[in-house]
Amino acid sequence: MRISITRTHVTALLAVSVVSCTLAVEPAPKDISLSELRDKIAGGWAGQMIGVTYGAPTEFRHLEKIIAEEDLPQWDPAIVENALRQDDLYVDMTFAQVLDDKGLDATTDDFGAMFRDAGYHLWHANLAARRALKRGVPATLSGTPKYNAHANDIDFQIEADFVGLMCPGLPQASNDLCYRAGRVMNHGDGIYGGMFVSCMYAAAFFESDPATLVEAGLACLPSESPYAKTIADVLAWSREHPDDWIKVWNLVEDKWNAREPCPAGAAHPFNIDAKINGAYIALGMLYGEGDFGKTMTISTQCGQDSDCNPASAVGVLGVVLGYEGIPDEYKSGIDAMADEKFSYTNYSFRTIVDSTYERAIAMAERHGGGVKGDRLVVMPQDAVPAELDIWDDYGSPVERIAVTDPRWSWKGEWAESTVTRRTAYTVKTSSQQGAEALVEFEGTGAIIAASYLPTGGQADIYLDGELVGTVDAYPDEDRFKRSDSLWHDYYLEDAKHDLRVVVRGEPYPGSQGSDIALVDLVVFR
C-alpha cells in the first residue's frame, strides 16, 4: 500500500511530536504533607543554629590546614543559645523580613534599603556594600567589584539559606530570588555561592542522597564559572577517593587556594572566598554520608570559615532529616531558647519557622502548586544554570608591598606604629592635609589596603598622575577594621604604574578625625 503524506499530515505529526516531547520532559507533581513541610523547615533552621555554634570557636583560626580531631570543640547542647548572636542567622533573617514586608516580588532596591539602614555589625562584602549604599551607590551595583573589593567573598553564601528553605523543589525560583538579594553585597562567584547552597536546600525537601544534593546545587550554576568548576572537581575527586576526604581537601587546596581577591586574604593564608569554602560544605556533605555529627565535623575540620561551612552543610541535612530526625544530642538545647529573638530581628526560632512555612506555601502556589487538604503540591522545576557573569579574570594576587618597603616614598608627617590582630603588622598614619604616600608597582590590578577607623578621614587617589577618586577610611560604625580596601582597581593595563595617596585632612561625616592609616599595596598580575 502506498501512503501519501500531505503538508497537513506533517503539521499534525509535528504537533503531536512537540506535545509528546513536552509531556515527556515535564516533571511530575510532587507533594509533601504540611506537617512534614514545617518539620523540614524547622530542621533547616535548627541545623544552621547547631552548625554555627559548634564551629564558632574555630572560625578562621585554622588557615590552610585541617583541624585535628583533638582540637575540635566539644559539643554541649546549651551552647546553641549562641546562635541568637550569629550574623549567619540574623542577617539571613532580616532578608527574610523584607519578603514578609514587601512580598515575594521584593526588589534588589528593597533588600538594599534594609541593608543600608541595618544597625548590626558587618564584615567583608557586607560591610563594603553597606558603606557603598550609604555613599549613594545603587543596590544593583553595591556588590560589584567596582565598588566592592569583596565581591567573591562568602557573605551571601552564608545568608542565602532563607531562600532555599522557602523554595521546595523550585530551583529556578530560588536562583531568581538569590540574584535579587545577593547582588546587594556580591557579584559573580559570590552570588553563585548563595545559589549553590539555596538549590541544595530546595532539593533537600524531596531528595536525601548527599551526592545528589551537591549535584542539585551545581546544576544551578553556569558550568564555566570558577565556583562551578570547584564543586565539579570535588564531586569528581570524591568518586576517585571515596574513602579519603583529606586527599580531596589537599587537591582543592592545591588548585583553588591561590586566587583570593579579598583585601584581608589576598596573598595571605586567610581565605574567605565563597568557592573554596563552598568546597568544604560539599566535602562535609559527601563524606558525612547523611550522618549529622560526621557531616558537621568534617565541614568544620576543613578550616577557614569553619563555623559558616558546617552551618550550611547541616542546615541542608536538617531539611533532609527534619527537625524530628536531628539527633537529640544536638537539638536538645533549642527548645529552651526557641522563643527568644535573634539579635536585630523580630524572629525567634519558632516564628522564623512559621514565617518560612507561609512563604514556602506562597512560593509553591505562585509556581503552579498549592495546598490540597493536608498536603502541599509542588510543580517541581528543573534546575536551569544562572547566566554567566563573572569578574575574576583579573589575574592572581602576587605580592603585598608593605608600607615598610622602600618602594614606598613619603611626604609630610606620617606616624609609624605596629598593630597586632592575630599577627603584627606596620601601619603608617597621617591626618595632615597634603601629606602624600607614593608607591610604584607592575601588574594588572591593585588594592590600597588601609585600616578603617572611627577617626578615618578622606584622601585623593592618583593613578599614573591622574586623579581617579576621593576615598574615605571611615567604617560607618565605631570599630577598628584592619586591612580593607581604601581603593582598588582590578582592570589595569599590564604595565608599570604609580599610585599616590594625598591626605585631605578632612573627616568623613560622622568620623571623629581625619586619619588615613595605610597598611600595604596588594598587586595582581
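# Close-up views of a predicted model

**View 1. The largest nonpolar core and its best-connected members.** Of the 119 residues that make up the largest nonpolar core, Trp 45, Phe 115 and Phe 349 touch the most other members. The model shown here and in the views that follow is a predicted one. Leaving aside residues up to four places away in sequence, Phe 115 touches Val 91, Phe 95, Tyr 120, Leu 122, Asn 126, Ala 129, Arg 130, Leu 133, Val 184 and Met 185. A second core, separate from this one, has 27 residues, and Trp 408, Leu 463, Leu 486 and Trp 487 are among them. In soluble globular proteins, nonpolar side chains tend to be buried together.

**View 2. The chain as a whole.** The chain holds 16 helices and 14 strands, and its C-alpha trace spans about 95 × 70 × 45 Å along the principal axes. Because a compact globule of 525 residues would have a radius of gyration near 24 Å, the 25 Å of the chain agrees with that expectation. Of the 525 residues, 59% count as buried, and among contacts with a separation of 6 or more, 77% are accounted for by residues 24 or more positions apart. The chain exposes about 20700 Å², with carbon and sulfur atoms supplying 50% of that area. For its 44 positive and 79 negative charges, the mean positions are 3 Å apart.

**View 3. Tyr 179 in helix α7.** Tyr 179 is found in helix α7, which covers residues 171–182. This tyrosine has a relative accessibility of 38%, and it therefore counts as partly exposed, a class that lies between under 20% for buried and over 50% for exposed. When residues up to four places away in sequence are not counted, Tyr 179 touches Thr 108, Ile 191 and Met 195. Of these partners, Met 195 is 16 residues apart from Tyr 179 in sequence, and the two C-alpha atoms are 8.1 Å apart in space.

**View 4. Gln 304, a residue with positive phi between two helices.** The loop between α13 (292–301) and α14 (308–321) is the place of Gln 304. Although Gln 304 is not a glycine, its phi is positive, at about 55 degrees. Its relative accessibility is 2%, so Gln 304 counts as buried.

**View 5. Asp 476, a residue with positive phi between two strands.** Asp 476 has its place in the loop between β11 (466–472) and β12 (481–489). Here, too, the residue is not a glycine, yet Asp 476 has a positive phi of about 65 degrees. With a relative accessibility of 17%, Asp 476 counts as buried, because the cut-off for that class is under 20%.

**View 6. Gly 395 and the residues that it touches.** Gly 395 is found in the loop between β3 (375–378) and β4 (397–402). At a relative accessibility of 16%, Gly 395 falls under the 20% cut-off and therefore counts as buried. Its contacts, with residues up to four places away in sequence not counted, are with Arg 259, Phe 524 and Arg 525. Tyr 462 serves as a further reference point for this view, since Gly 395 and Tyr 462 are 67 residues apart in sequence and 22 Å apart in space, C-alpha to C-alpha.

Terms used. Residues numbered from 1 in each chain as written. Predicted model: local features only at pLDDT ≥ 70, side-chain atom pairs only at ≥ 80, totals over all residues. Heavy atoms only, no water. Helix = DSSP H or I, 4+ residues; strand = E, 2+ residues; numbered from the N terminus. Rg over C-alpha atoms; globule rule 2.2 N^0.38 Å. Buried < 20%, exposed > 50% of the residue type's maximum accessible area, 1.4 Å probe, protein only. Contact = heavy atoms within 4.5 Å. Areas by Shrake-Rupley, 256 points an atom, 1.4 Å probe, with all protein chains shown as cover. Lys, Arg positive; Asp, Glu negative; His and termini not counted. Charge placed at Lys NZ, Arg CZ, Asp CG, Glu CD. Core = buried A, V, L, I, M, F, W, Y, C linked by side-chain atoms within 4.5 Å.
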